[in-house]
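Morning, everyone. I have one structure to show you today, and I will keep it brief. Let me put it on the screen.

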Amino acid sequence: MLERFFRRRRAAPVPLRGAPAVHRQKTYSAQTGFVYQYFYEGWRESRLGGQAGNEHVFQVSSDRRGSFRLSVFLPRAAVDAWQRRHGQSLTATEQYAAVKMALFEAFDERTELGAGVDVDAEAIERYLAALGIVETD
């Protein structure tokens, strides 16, 4: 009975920032055959596996009946590595572009999206090159 008084309460999650005033639902036809509807809920500074970074949260549906939250984690170390390699900073818009490409890649390659999506420095390089934001060596 006393254990409930001594249990540590989990800290409330940090509120999301950067959400659009009006959610615009978008559609993505994935290579897996699913057609996803999603919208951006915002981002927050977060830690995952001991790494600091930004967690970008999307509300996703693959059947139009139910939806779930899907997080794309962009580690600060991956962004810093990319910036050192190219000698330039990544703008918030460019970081968001990499996050969206990681989301689309997950839609294309996974049939189960229960786990979040993690982005690494190599993926940032690949995504931004595909978008023509940077030239590859």
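I will go from the overall layout to the sheet, and then to the helices.

One caution before the details: this is a predicted model. So what are we looking at? The protein has four helices and five strands. Along the sequence, they come in the pattern α-β-β-β-β-α-α-β-α.

A few totals. The protein has 137 residues, and 36% of them count as buried. The accessible surface is about 9100 Å². Carbon and sulfur atoms account for 49% of that surface. Now take the contacts between residues at least 6 apart in sequence. Of these, 52% join residues at least 24 apart.

Next, the sheet. In what order do the five strands sit? The order is S1-S2-S3-S4-S5, in an open sheet with mixed pairing. The edges are strand S1, residues 26-29, and strand S5, residues 117-118. Each has a single partner strand, so one side of each is left without a neighbour in the sheet.

Look at the S5 edge. Which strand pairs with S5? That is S4, residues 68-75. The two run in the parallel sense, and two bridges join them. If you want a spot to click on, take Val 72, whose bridge partner in S5 is Val 117.

Now the helices. Start with H2, residues 76-86. Helix H2 lies across three strands: S2 (35-48), S3 (51-61) and S4. Its angle to S4 is about 45°.

Which residues of H2 are buried? They are Ala 78, Val 79, Trp 82 and Gln 83. Look down the axis of H2, and the buried residues fall within an arc of 135°, so they line one face of the helix. What covers them? The cover includes S4, H3 and H4. Right after H2 comes Gly 87, with a positive phi near 65°.

On to H4, residues 121-130. Here the buried residues are Ala 123, Ile 124, Glu 125, Tyr 127 and Leu 128. Note that Glu 125 is on that list. What do the buried residues of H4 pack against? Their partners are S4, H2 and helix H3, which spans 92-109. After H4 comes another glycine with a positive phi: Gly 132, near 75°.

To wrap up, keep two places in mind. One is the sheet edge, where S5 pairs with S4 in the parallel sense. The other is H4, whose buried residues pack against S4, H2 and H3. That is my tour, and I am happy to rotate the model for anyone.

Terms used: Residues are numbered from 1 along each chain as its sequence is written. This is a predicted model: local features need pLDDT of at least 70, side-chain atom pairs count only at pLDDT 80 or more; totals for chains, interfaces and linings use all residues. Side-chain values use heavy atoms; hydrogens and water are left out. Buried means under 20% relative accessible area, exposed over 50%, partly exposed in between (1.4 Å probe, protein chains only). Contact means heavy atoms within 4.5 Å. Accessible areas come from the Shrake-Rupley method with a 1.4 Å probe; for residues, only the protein chains shown count as cover. Two strands pair if DSSP finds at least two bridges between them. Axes are lines fitted to C-alpha atoms, for helices over the stretch in contact, and angles run from 0 to 180 degrees between N-to-C directions. The arc is that of the directions from the helix axis to the C-beta atoms.
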